[in-house]
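Biologist: Please pick one part of this model and take me through it closely. I would like a single connected account.

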Amino acid sequence: PKGNAGRSGQVKEGDVLTMCSATFGDQMWSTRGVGLTRVLAAIRVRAGPTVKLVFENPKEGKKKREITLKQAKQMEEARQRAQAKKDALLKELESDEKKLKKGKFLGLF
């Protein structure tokens, strides 16, 4: 709460560090379950003048999970609707092909 990030309001009490810049490059790595010592070592040996950190508030994380589950459910429903439409079209195509095989070729023969 007394640091620069705390005073700016960007980091709040209870926030959890979830991602940290890799040793070099723009990639990020997950800090979940690795411990403070390893995170501090990664920041210390970082090549370059900046380090990016991603924080997550546990309350917001719960909301994110709920939204993600809702989106996953909607995606699954959309996939099922698309598959049902595909199946119906395929059945219609097969039916038309059977009719053409039984009947005359283009009405000529």
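Modeller: V51 is partly exposed (between 20% and 50% relative accessible area; buried is under 20%, exposed over 50%; 1.4 Å probe, protein chains only), because its relative accessible area is 33%. This is a predicted model, where local features need pLDDT of at least 70, side-chain atom pairs count only at pLDDT 80 or more, and totals for chains, interfaces and linings use all residues. Residues are numbered from 1 along each chain as its sequence is written, and side-chain values use heavy atoms, leaving out hydrogens and water.

V51 sits in the loop that lies between helix 2 and strand 3; helices (H or I, at least four residues) and strands (E, at least two) are DSSP runs numbered from the N terminus. Together with L36, L40, I43, L53 and F55, V51 makes a nonpolar surface patch of about 480 Å². Such a patch joins nonpolar side chains within 5 Å, each residue having over 30% relative accessible area and no salt bridge (a Lys or Arg side-chain nitrogen within 4 Å of an Asp or Glu carboxyl oxygen); areas follow the Shrake-Rupley method with a 1.4 Å probe.

Helix 2, residues 36–44, and strand 3, residues 53–56, each give the nonpolar patch at least two residues. Helix 2 has the largest share, with three residues.

As for the surroundings of V51, the chain holds three helices and three strands, in the order α-β-β-α-β-α along the sequence. The C-alpha trace spans about 90 × 30 × 25 Å along its principal axes. Of the 109 residues, 11% count as buried.

Definitions and conventions. Patch = residues over 30% accessible without salt bridge, like charges linked within 9 Å, V, L, I, M, F, W, Y side chains within 5 Å.
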